[in-house]
Every structure is written in structure tokens, then in C-alpha cells.
Amino acid sequence: MIKQLAWNTFKETGDIKTYLEFKEVKNIEEKMKVVLDETIKS
């Protein structure tokens with residue numbers, strides 16, 4: 001949800017800071033998924 005909001009804001013404004021925030025949120029979500037997957041396997 002946060003990712004979609006950030007992406008929509010970037011598309012409307014074209015602000016590079018918004019895009020970088022979007023990329024950071026995406027990276028955080030991916031890391032959280034990896035940790036969750038590892039936890040489930042344990």
C-alpha cells in the first residue's frame with residue numbers, strides 16, 4: 001500500500017525524492033519478506 005502511494009505521488013509530481021523514497025520502501029518490503037520466509041522455514 002505504501003509502495004503504491006509513493007509510486008502514484010511520483011508519477012504525479014515527478015519529484016526525484018519521492019522516487020527515491022519509493023525505491024527505499026520497496027527494498028525494505030523485500031528484506032522483510034526474506035526474513036519472514038527464513039523465519040517460517042526455521
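A residue counts as buried under 20% relative accessible area, as exposed over 50%, and as partly exposed in between. The exercises below apply these classes to a predicted model.

**Exercise 1. Determine whether Glu-21 is buried or exposed, and state where it lies.**

Solution. Begin with the secondary structure: Glu-21 has its place in helix α2. Next, take its relative accessibility, which is 52%. Because this value is over the 50% limit, Glu-21 is classed as exposed. Finally, consider its position relative to Ala-6: the two residues are 15 apart along the chain, and their C-alpha atoms are separated by 7.3 Å.

**Exercise 2. Classify Phe-22 as buried or exposed, and relate its position to that of Phe-10.**

Solution. Phe-22 belongs to helix α2, which comprises residues 16–41. The relative accessibility of Phe-22 is 11%. The limit for a buried residue is 20%, therefore Phe-22 is counted as buried. As to position, 12 residues separate Phe-22 from Phe-10 along the chain, and the distance between their C-alpha atoms is 8.2 Å.

**Exercise 3. Assign an accessibility class to Lys-17 and give its distance from Ala-6.**

Solution. Lys-17 is located in helix α2. Its relative accessible area amounts to 59%, and exposed residues are those over 50%; Lys-17 is therefore exposed. In sequence, Lys-17 and Ala-6 are 11 residues apart, while from C-alpha to C-alpha they are 10 Å apart in space.

**Exercise 4. Assign an accessibility class to Asn-27 and give its distance from Lys-11.**

Solution. Helix α2 also contains Asn-27. With a relative accessible area of 34%, Asn-27 falls between the limits of 20% and 50%, so the residue is partly exposed. Asn-27 and Lys-11 stand 16 residues apart along the chain, with 19 Å between their C-alpha atoms.

**Exercise 5. Describe the chain as a whole: its secondary structure, extent, surface and charge.**

Solution. First, count the elements: the chain has 2 helices and 0 strands. Second, consider its extent: the C-alpha trace spans about 45 × 15 × 10 Å along the principal axes. Third, turn to burial and surface. Of the 42 residues in the chain, 10% are buried. The exposed area is about 3900 Å², of which 61% is supplied by carbon and sulfur atoms. Last, examine the charges: there are 8 positive and 8 negative side chains, and a distance of 4 Å lies between the centres of the two sets.

Key. Residues numbered from 1 in each chain as written. Predicted model: local features only at pLDDT ≥ 70, side-chain atom pairs only at ≥ 80, totals over all residues. Heavy atoms only, no water. Helix = DSSP H or I, 4+ residues; strand = E, 2+ residues; numbered from the N terminus. Buried < 20%, exposed > 50% of the residue type's maximum accessible area, 1.4 Å probe, protein only. Areas by Shrake-Rupley, 256 points an atom, 1.4 Å probe, with all protein chains shown as cover. Lys, Arg positive; Asp, Glu negative; His and termini not counted. Charge placed at Lys NZ, Arg CZ, Asp CG, Glu CD.
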